Amino acid sequence: MFGIEDIYFADLPKRYPIPYFSYSQLSTFLTCPHSFELTYMSGKFQSRGNKYTAMGSVLHEIFEKQGKQLIAEGEPFTIGKAYQKFNKDFMKVKDEHLEYFTDKDDFIKMYKKGIQALDNFYGVYSETAPLYVEKKFLGRIADDLPDAKSYIDRIDGDPNDASTWIITDYKSGGSAKSKEYLRTDFQLGLYATQVFALTGKYPQAVQFYHPVIDKYQTAIHQGDGVYKFQGQRKPVVEFSVADTIIQIRKAVAGICEAVESGNWKLVPDSWGCKMCFHFEDGGCKPFNKQQQGWASI
Ligand code: SF4
């Protein structure tokens, strides 16, 4: 006999609407279920992007190229080449998406942030060959969940011993993540979980690196899948792989429930909607329809 909880969480791999789940899918749903519906279910809306995602893509591509050249021991992708590529690619963003920038000053401000990010990144990683860049993980992290898919930006460490690995996710924003974010977000927990599922070992550290401000937020493995952030005043944020799996299971079950009930809740929020692709595309008008634009929020 199954209880309510069992029914709710049963058959998740079969009920989940997409062949695999990803961090982006789940965090989109947790931020606003309606955004998940528009992005992943309707098929009508492509992610339009904005100046932040555009700069993030340009920088990620450069970091990947630089890392791959070091791994291959080929001709180094020097900072001079990185500047050239950034100039070309970020100018292309401006040419193709002038609407991303409010005015010329806004563009110049973002451009300077990008150059600062390159300087900081090369200050740390110019000669350090990573073990992997853009490493794809696809597979089960728990028997009762669909496959999980991730691309991890960078892994450093011994190829034969995952317990030495340092997992890094680059964040191209201009500020570090708050404690509240670190407490509730599960991206780093998911990466640690995936490495454990694949290798049977927990990576020694998982971290965000913010190249614009040259800051790391690093959580070190304490044993048994528990991670603790470094350099924080008390109370220090901790998370565990076990808790991450519980968080993920709830989010996956929530998506399955929404698919089955057709109830995709809207969660209007001034900052969240400003960053949401569907607001400006007109796919979602959560505020007063008479008022359009940022004045309405
Ligand atoms: S605009 Fe706001 S309410 Fe609408 S889908 Fe995006 S986040 Fe949700």
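## A guided tour, domain by domain

Start by colouring the chain by its domain assignment: domain 1 takes residues 4-42 + 130-251, and domain 2 takes residues 51-125. Keep in mind as you go that this is a predicted model. With both domains coloured, place a marker at each C-alpha centre; the markers for domain 1 and domain 2 will sit 25 Å apart. Where the two domains meet, 17 residues from domain 1 and 18 residues from domain 2 make the contact.

**Stop one: a helix pair in domain 2**

Now select helix H5 (residues 51-72) together with helix H7 (residues 104-125). Their axes come within 11 Å and cross at roughly 25 degrees. Because angles under 35 degrees count as roughly parallel, H5 is roughly parallel to H7. Turn the view until one helix lies over the other, and you will be looking at a right-handed crossing of H5 and H7.

Next, show the side chains between them. From H5, pick Lys51, Tyr52, Met55, Leu59, Ile62, Phe63, Gln66 and Leu70. Their partners in H7 are Asp106, Met110, Lys113, Gly114, Ala117, Leu118, Phe121, Tyr122 and Tyr125. Colour this contact by class and you get 12 nonpolar, 2 polar and 3 charged residues.

**Stop two: a second helix pair**

Hide those and select helix H9 (residues 187-199) and helix H10 (residues 241-261). Here the axes come within 9 Å and cross at roughly 110 degrees. An angle from 65 to 115 counts as roughly perpendicular, so that is how H9 lies to H10. On the H9 side, the contact uses Gly189, Leu190, Ala192 and Thr193; on the H10 side, look for Val241, Thr244, Ile245 and Ile248. By class, the contact of H9 with H10 has 5 nonpolar, 3 polar and no charged residues.

**Stop three: two backbone details**

Zoom in on proline 235, in the loop between strand S7 (226-229) and strand S8 (238-240). The peptide bond leading into proline 235 from lysine 234 is cis, with omega near 0 degrees.

Then move to strand S2 (residues 132-139) and pick out glutamate 134. Phi of glutamate 134 is near 50 degrees, a positive value in a residue other than glycine.

**Last stop: the ligand**

Finally, centre on the ligand and show what surrounds it. Which residues surround the ligand? They are Cys32, His34, Ser35, Pro268, Cys273, Cys276, Phe279, Cys284 and Pro286. Colour this shell by class too: 7 of its residues are nonpolar, 2 are polar and none is charged.

Conventions. Residues are numbered from 1 along each chain as its sequence is written. This is a predicted model: local features need pLDDT of at least 70, side-chain atom pairs count only at pLDDT 80 or more; totals for chains, interfaces and linings use all residues. Side-chain values use heavy atoms; hydrogens and water are left out. A residue is near a molecule or strand if one of its heavy atoms lies within 4 Å of it. Ala, Val, Leu, Ile, Met, Phe, Trp, Tyr, Cys and Pro count as nonpolar, Asp, Glu, Lys and Arg as charged, and the others, Gly among them, as polar. Axes are lines fitted to C-alpha atoms, for helices over the stretch in contact, and angles run from 0 to 180 degrees between N-to-C directions. Helices (H or I, at least four residues) and strands (E, at least two) are DSSP runs, numbered from the N terminus. Angles under 35 degrees count as roughly parallel, over 145 as roughly antiparallel, 65 to 115 as roughly perpendicular and the rest as oblique. A crossing is left-handed if the near helix is turned anticlockwise from the far one by less than a right angle, and right-handed if clockwise. Contact means heavy atoms within 4.5 Å. Domain bounds come from an automatic or database domain assignment.
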